[in-house]
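Dear colleague,

Please find below the structure I promised to hand over, together with a summary of what was found in it. I would be grateful if you could read the notes alongside the coordinates.

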Amino acid sequence: MLLVDGDVAHPSMPSILGTPHAPGLLDLLTRDDIDVADALVKTNIERLTLLPAGSRQRRSTELLASEQMASLLRELSSRSPTDHHL
């Protein structure tokens, strides 16, 4: 199961789950040198993986409404639940 911390203004999932904050969602939308697998963080909850919000961006609202976001969502949804990266 994948949990995406989409509250890019006030990301809280890493603190709640005790995981790193970045790289994450916004980094995937703004940087070409990060692969989705690099941003996924295993949690101590069985079968739960986190995609943190990532580094703050001035254009975060635009990024969340962008074609890059739509493409990222398609990629995430196409991954198999048995994929070892999730």
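What volume does the largest pocket have? The model is a predicted one, and in it the volume of the largest pocket comes to about 200 Å³. Its lining includes Leu-28, Leu-29, Thr-30, Arg-31 and Asp-32, and also Gln-68, Ser-71, Leu-72 and Glu-75. Ile-34, Asp-35 and Val-36 line the largest pocket as well. Two elements, helix 2 and helix 5, give two or more residues each to this lining. Helix 5 provides the largest share, with 4 residues.

Helix 5 therefore deserves a closer description, beginning with its length. For its 12 residues, a rise of 1.5 Å a residue leads one to expect a span of 16 Å, and the end C-alpha atoms are indeed 16 Å apart, in agreement with that expectation.

Which residues of helix 5 are buried? They are Met-69, Leu-72 and Leu-76. Viewed down the helix axis, these buried residues fall within an arc of 60°, so they line one face of helix 5. As a general matter, an α-helix has 3.6 residues a turn, so residues three or four places apart point the same way. Glu-67, Ser-77 and Ser-78 are exposed on the other side of helix 5. The cover over the buried residues of helix 5 includes strand 1, strand 3, helix 2 (25-30), helix 3 (36-39) and helix 4 (60-64).

Met-69 illustrates this packing. The residue lies in helix 5, which runs over residues 67-78. Met-69 has a relative accessible area of 11%, and because this is under 20% it counts as buried. Apart from neighbours within four places in sequence, Met-69 is in contact with Leu-25, Leu-29, Leu-63 and Leu-64. Of these, Leu-29 is 40 residues away from Met-69 along the chain, yet their C-alpha atoms are separated by 6.6 Å.

I turn next to the sheet. It is open, has 3 strands in the order 1-3-2, and shows mixed pairing. Strand 1 (2-4) and strand 2 (41-42) stand at the edges; each has a single partner strand, so one side of each is without a neighbour in the sheet. Strand 2 pairs with strand 3 (residues 49-51) in the antiparallel sense, over 2 bridges. Lys-42 stands opposite Thr-49, a residue of strand 3.

The loop between strand 2 and strand 3 holds Arg-47. Although Arg-47 is not a glycine, its phi is positive, at about 65°. Is Arg-47 buried or exposed? Its relative accessibility is 64%, and because the threshold is over 50%, Arg-47 counts as exposed.

A second arginine, Arg-56, is placed in the loop between strand 3 and helix 4. Arg-56 also counts as exposed, at 61% relative accessibility. Leaving out residues up to four places away in sequence, Arg-56 touches Val-8, Ala-9, His-10, Pro-11 and Leu-26. Arg-56 and Leu-26 are 30 residues apart in sequence, and the distance between their C-alpha atoms is 7.2 Å.

With kind regards

Key:
Residues numbered from 1 in each chain as written. Predicted model: local features only at pLDDT ≥ 70, side-chain atom pairs only at ≥ 80, totals over all residues. Heavy atoms only, no water. Buried < 20%, exposed > 50% of the residue type's maximum accessible area, 1.4 Å probe, protein only. Contact = heavy atoms within 4.5 Å. Pairing = 2+ DSSP bridges. Expected span 1.5 Å × (residues − 1). Arc of directions from axis to C-beta. 1 Å grid on protein atoms, 1.4 Å probe; cavity = no way out; pocket = protein on both sides within 12 Å on 5 of 7 lines; lining within 4 Å. Points joined across faces, edges and corners; volume = space filled by probe spheres on them.
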